[in-house]
Amino acid sequence: MLSVMKSLVAASSAELVWSRTRTFPNAWELRGGEDLLGTLRWPRRFGSEAEGETSEGRLIFKCTGFLAMRTEVIDAATGARAAFFQRQFSGKGEVTFPDGRRVLWTFQGWVPRIPLFTTADGFPIMRFPLELRWFRPKETLEIEETARAMNELPLLALLGRYLIVLRRRRQHH
C-alpha cells in the first residue's frame with residue numbers, strides 16, 4: 001500500500017525520525033509518527049546523485065566540483081536551481097538560495113557532534129541528533145518552533161540528510 005505524503009511544514013508535534021527503508025538499502029524515509037513526510041534515495045549505489053521528495057515537490061541533489069565540495073539542489077519539476085551548498089574542509093558549509101538568502105550548516109557540541117542548520121546570524125533552524133542504541137541508531141530531526149514558517153524546511157530536511165549520508169559514505173570508503 002502506498003503512503004500518502006504529508007506536509008513537513010504542517011507536521012504534528014510527533015517525533016520526526018529518519019530511517020532506512022526496508023525495500024531499498026540506499027533510501028531513507030522521514031516520518032512523524034505514522035505519517036510519511038519525505039524520502040531520499042540514491043538511484044545508483046556508489047553515486048553522489050540523490051532524489052528527494054516531500055509533499056512540496058521533488059528535488060535532485062548533485063555533488064560538483066573538485067573533491068565534491070559543492071552540492072546543487074535542483075527542482076525536478078522545473079530544472080531550476082533551488083539551492084546551492086558550498087562545503088568547507090571542516091564539514092561545515094553554507095546554503096545559498098536563488099534570492100541570495102543564506103543558511104549555515106554547522107555542528108553543535110563535541111561528542112556527539114550534532115549537525116544543524118542555522119540562520120546566517122547563528123539562530124538554530126533544525127538539528128539532526130543521533131541517539132545511539134544497541135542495534136540501530138535513532139536519527140531524529142528537530143525543527144525549532146520559530147523556524148516552522150520557513151518555506152525551505154522540506155529542502156533543508158532533505159539536504160541535511162543528504163549531507164549526513166554522504167559524509168558517512170566517505171568515511172567508509
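**Warm-up.** What percentage of the 173 residues in the protein chain do buried residues make up?

*Solution.* Start with the cut-offs: buried means under 20% relative accessible area, exposed means over 50%, and partly exposed is in between (1.4 Å probe, protein chains only). With those, buried residues come to 42% of the 173.

A word on the ground rules before going on. This is a predicted model, where local features need pLDDT of at least 70, side-chain atom pairs count only at pLDDT 80 or more, and totals for chains, interfaces and linings use all residues. Residues are numbered from 1 along each chain as its sequence is written, and side-chain values use heavy atoms, with hydrogens and water left out.

**Exercise 1.** Sketch the overall layout of the protein chain, then check its dimensions.

*Solution.*
- Step 1: list the elements. There are 13 strands and one helix, taken as DSSP runs numbered from the N terminus (helices H or I, at least four residues; strands E, at least two).
- Step 2: put them in order. Reading from the N terminus, the chain goes β-β-β-β-β-β-β-β-β-β-β-β-β-α.
- Step 3: check the radius of gyration, taken over C-alpha atoms, against the globule rule (2.2 Å times the number of residues to the power 0.38). The chain's value is 15 Å, close to the 16 Å that the rule gives for 173 residues, so the chain is as compact as a globular protein of that length.
- Step 4: box it. Along the principal axes, the C-alpha atoms fill roughly 40 × 40 × 40 Å.
- Step 5: look at the surface. The chain exposes about 10,300 Å², and 55% of that is supplied by carbon and sulfur atoms; the areas come from the Shrake-Rupley method with a 1.4 Å probe, and for residues only the protein chains shown count as cover.

**Exercise 2.** Work out how strand β8 sits between its pairing partners, using T96 as a guide.

*Solution.*
- Step 1: sort the faces. In β8 (residues 93-96), G93 and V95 are on the covered face, while E94 and T96 are on the uncovered one.
- Step 2: go to one partner. Strands pair if DSSP finds at least two bridges between them; β7 (residues 81-87) and β8 have four and run antiparallel. Here T96 stands opposite F84.
- Step 3: go to the other. Four bridges also join β8 to β9 (residues 102-108), again antiparallel, and R102 in β9 is the bridge partner of T96.
- Step 4: inspect the turns. The β7 and β8 hairpin has five residues between its strands, with G91 at a positive phi near 100°. The β8 and β9 hairpin has five residues between its strands too, and G100 in that turn takes a positive phi of about 95°.

**Exercise 3.** Find the largest nonpolar core and follow one of its best-connected residues outwards.

*Solution.*
- Step 1: define it. A nonpolar core is a set of buried Ala, Val, Leu, Ile, Met, Phe, Trp, Tyr and Cys residues joined through side-chain atoms within 4.5 Å.
- Step 2: size it up. The largest one has 41 residues, and F117, M126, L159 and Y162 have the most contacts inside it. Helix α1 (residues 153-171) gives the most to this core, with 11 residues.
- Step 3: trace F117. Contact means heavy atoms within 4.5 Å. Leaving aside neighbours within four places in sequence, the contacts of F117 include V95, W105, P124, M126, L156 and L159.
- Step 4: turn to P124, which is in strand β11 (residues 124-127). P124 is partly exposed, at 28% relative accessible area. Beyond four places in sequence, P124 touches L116, F117, T118 and E144. The C-alpha atoms of P124 and E144 are 6.7 Å apart, though their positions lie 20 residues apart along the chain.**Exercise 4.** Pick out salt bridges that tie distant parts of the chain together.

*Solution.*
- Step 1: count. With a side-chain nitrogen of Lys or Arg within 4 Å of a carboxyl oxygen of Asp or Glu as the criterion, the structure holds 11 salt bridges.
- Step 2: take E152 and R101, whose side chains meet at 2.4 Å, N to O. E152 is in the loop between β13 (138-143) and α1, R101 is in the loop between β8 and β9, and the two are 51 residues apart. E152 is buried at 14% relative accessible area, whereas R101 is partly exposed at 39%. D99 joins R101 and E152 in a network of salt bridges.
- Step 3: take R127 and E144, with their closest N and O atoms 2.3 Å apart. This pair links strand β11 to the loop between β13 and α1, 17 residues apart. R127 counts as buried because its relative accessible area is 15%, and E144 is partly exposed at 25%.
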